[in-house]
Amino acid sequence: MALMFRWDGNDLSLGAEVDPFKIQINARKSESVTFLQKGVQMPVKDFAVHGTVINKITDAGIATTQFEKCSEGNTKTWLDGSRIGNINESLLTLDFVRQNIVDSPTALGSYDAVSIILNQTMSHTSSRFRNYHDASITSANIRTWAVRLVYLSLHYHQHRHALPEARIRALDDACYPVMLDRGVGLYDYECPSAKYLVVGLAKYGLGANVRAGAVKALVAGLATDRVVLFVNNVADLESATKDMGPWSLASCPRRDHQCFFLPLSPCVLLREELAAAHILDKGEMRALFKTGRVPLGRIDDRVLVLHLHFMPQLKLPGNTVELLQNYSYSLIEGVLSTDSRRPVMEQAIASLALPDEPRPAGYNYALANSRIQHALMFYTMRPNLHSRKRIDEILKEIIPAKTLPERSVGIPIRASDKCRQESQCLSFSQHIEVSSLLWNDVYPNTSHSDQPTLIFTTESKDMMHEQHAYISNTTIPKPFANMNLLMNPHDVLPNTGFVEEIVAKTTSFSADDAMLSAVTSLQLQLLARYTIANCCSNFHTLLGDFLVEGMGAAHHNDFSCLQEHSDPVYAICCGWHKDCKQKRAAILLARNSTDETMKD
């Protein structure tokens, strides 16, 4: 570890008019530290070093010299101002900061560097998404590379303005503790060249926030060449932030997206900048999402605020694809021309201009097959370092070592409040019946020993009670002789996707606990080869977005919606599809009448 000081030959002092030089610190557990320079040992009392954080510096002049060097890329206004900083995780390392910022422009040229950035996603370790070596020119691999390149392009877009400052700090490890001692976090950068779009996340469930809000904001940021920040819990700035209160899905002191997920960007705003920001009105927002341009009078504004209408962004502004292609071409410049992956990368970039095909199966829900939007979702949902550690610990605990993804069926069950208005719902036993029909169709001659692992997750206490009753009832026939259920015992079962009211009434779990439960269950569902979901649920379609892009453990994934099942008993309808409900009711009524007649 190296720090910069001024030395007059006898004592450490700011007053000595000599050129600064580097003195290495040999940190020990004693109360003193020895400075080494040209073999001369100089003890300095009451100087403590703990990890990478300097706890006490007795000579203010020593720190000032180093601070001036490390903050060379920053303005006094930003350094002295009230910043809306990023979270300072205890697990955050200097290597992580360097790899995410300094190495990002050339990451594709190194398997190690690119894996560090791409592996921050929730993709399974054996997924197609993580097979960065695949150079095959197939339609599936072209699509996967297109999604990877969009993800990497967004990462670069959100980090590039921090590069000059990050390169200064990266020259000397001592910069990080010295800046931290002045209140500047390891992941906090001024980014003076950046312009911003600021958005607050809403009091909806996770799926709706990601698919209908976060993606929409990131599309707008790309189209307008602005860094996107999710800002919540700034009540003292209500005039500027309006509906950006504490995020209901978070409970750490920040009460925002970073309680569970990585920061969108290392770029950090001043509170006064946000307070003075222009809030785009409905007409300005409509024009922005259609054309990719901000109002003429606001082009030079450093900060603009969006109060989103949470609806999926189905059409991209005209310039978005071209911008992503330009970023992608820039990123693959770091890949050698002799690299066998270059041809598939180039085809993937060209393919971004092609329209997304409708979902092959019958129920074509919003964003079902949208490569670009899916990549933005994956970026939004990168667990922070603490969350990643907890998810991995839970999965290691609950997944048997011999679990085979290729012989697994995912049955995520969204029940509770979803069944009141938004969707018709099935019982637990009906979900098992659907799984059995699927399995017998794929493997018609299945023996007891070859029966699948059923991955069952839910937010519903009632559904969990149904599962217990079903398993314990030995009198009813079961389609699977051996019920091999894999569940998440750490599910907190909030009975809703809107956790705010439930959390306010209980001390048994927090909003962060509910988020850990939901995201761990989603990660667990990525283990399945076959998945049967309720596509009236944004959380289930979010799972489908991950699976369709090869983020799951199996080499291929079959994701199906109950809404497209061939048997109307299982083909449930969404609350907003009145014709579907009427048609299904008529078919079931006619079937029941026929059954009664046959009995007579």
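Is S416 buried or exposed? With a relative accessible area of 17%, S416 falls under the 20% cut-off, so the residue counts as buried. Keep in mind that everything in these legends comes from a predicted model.

**Figure 1. The whole protein, before we zoom in.**
Let's start with the overall picture. The protein has 600 residues, and 54% of them count as buried. Its secondary structure comes to 21 helices and 15 strands. Looking at contacts with a separation of 6 or more, 76% are between residues 24 or more positions apart. On the outside, the protein exposes about 26600 Å², with carbon and sulfur atoms supplying 52% of that area.

**Figure 2. A look into the largest pocket.**
This view is about empty space: the largest pocket holds about 970 Å³ of it. A total of 47 residues line this pocket, and G207, A208, S537, N538 and F539 are the closest to its centre. Which elements supply at least two residues each to the lining? They are α8 (206–224), β11 (408–413), β12 (453–458), α19 (511–525) and α20 (538–548). The largest share belongs to α19, which brings 8 residues to the lining. Sorted by character, the lining has 27 nonpolar residues, 14 polar ones and 6 charged ones.

**Figure 3. Helix α20, a mostly covered helix.**
Here we stay with one of the helices that help line the largest pocket. Of the 11 residues in α20, 8 are buried. If you want to find them, look for H540, T541, L542, L543, G544, D545, F546 and L547. What covers these buried residues? The cover includes the helices α8, α14 (371–380) and α19, along with the strands β11, β14 (530–533) and β15 (558–561). Now check the two ends of the helix. S537 caps the N-terminal end of α20, placing a side-chain oxygen 3.2 Å from the backbone nitrogen of F539. Just after α20 comes G550, which takes a positive phi of about 75°.

**Figure 4. T496 and S416, two loop residues in contact.**
T496 sits in the loop between β13 (484–487) and α18 (499–505). With a relative accessible area of 11%, T496 is buried. Leaving aside neighbours within four places in sequence, T496 is in contact with R414, S416, D417, E459 and I502. With D417 there is also a polar contact: the two side chains are joined at 2.7 Å. Now move over to S416, which is found in the loop between β11 and α16 (428–442). Take a moment over its backbone. Most residues other than glycine have a negative phi. S416 is not a glycine, yet it has a positive phi of about 45°.

**Figure 5. R255, another positive phi.**
R255 has its place in the loop between α9 (238–241) and α10 (271–275). What is the phi of R255? It is positive, about 55°, although R255 is not a glycine. How covered is this residue? R255 has a relative accessible area of 25%, so it counts as partly exposed.

**Figure 6. A277, a buried loop residue.**
A277 lies in the loop between α10 (271–275) and β9 (278–279). Its relative accessibility is 13%, so A277 counts as buried. Which residues does A277 touch, not counting those up to four places away in sequence? The answer is V303 and V305. Try finding D301 in this view too. A277 and D301 are 24 residues apart along the chain, and 7.8 Å separates their C-alpha atoms.

**Figure 7. L306 and its many contacts.**
L306 belongs to strand β10, which covers residues 303–306. With a relative accessible area of 1%, L306 is buried. Not counting residues up to four places away in sequence, L306 touches L197, V198, V199, G200, A220, M244, L280, M285 and F289. Pick out A220 from that list. In sequence, L306 and A220 are 86 residues apart, while in space they are 9.6 Å apart, C-alpha to C-alpha.

Note on methods:
Residues are numbered from 1 along each chain as its sequence is written. This is a predicted model: local features need pLDDT of at least 70, side-chain atom pairs count only at pLDDT 80 or more; totals for chains, interfaces and linings use all residues. Side-chain values use heavy atoms; hydrogens and water are left out. On a 1 Å grid over the protein atoms alone, a cavity is a set of points where a 1.4 Å probe fits but cannot get out, and a pocket is an open set with protein on both sides within 12 Å along at least five of seven lines; lining residues have an atom within 4 Å of a point. Grid points are joined across faces, edges and corners, and a volume is the space filled by probe spheres set on the points. Helices (H or I, at least four residues) and strands (E, at least two) are DSSP runs, numbered from the N terminus. Ala, Val, Leu, Ile, Met, Phe, Trp, Tyr, Cys and Pro count as nonpolar, Asp, Glu, Lys and Arg as charged, and the others, Gly among them, as polar. Buried means under 20% relative accessible area, exposed over 50%, partly exposed in between (1.4 Å probe, protein chains only). Contact means heavy atoms within 4.5 Å. Accessible areas come from the Shrake-Rupley method with a 1.4 Å probe; for residues, only the protein chains shown count as cover. A polar contact is a pair of N or O atoms within 3.5 Å; within protein, one must be able to donate a hydrogen and the other to accept it, and residues adjacent in sequence count only if both atoms are side-chain atoms.
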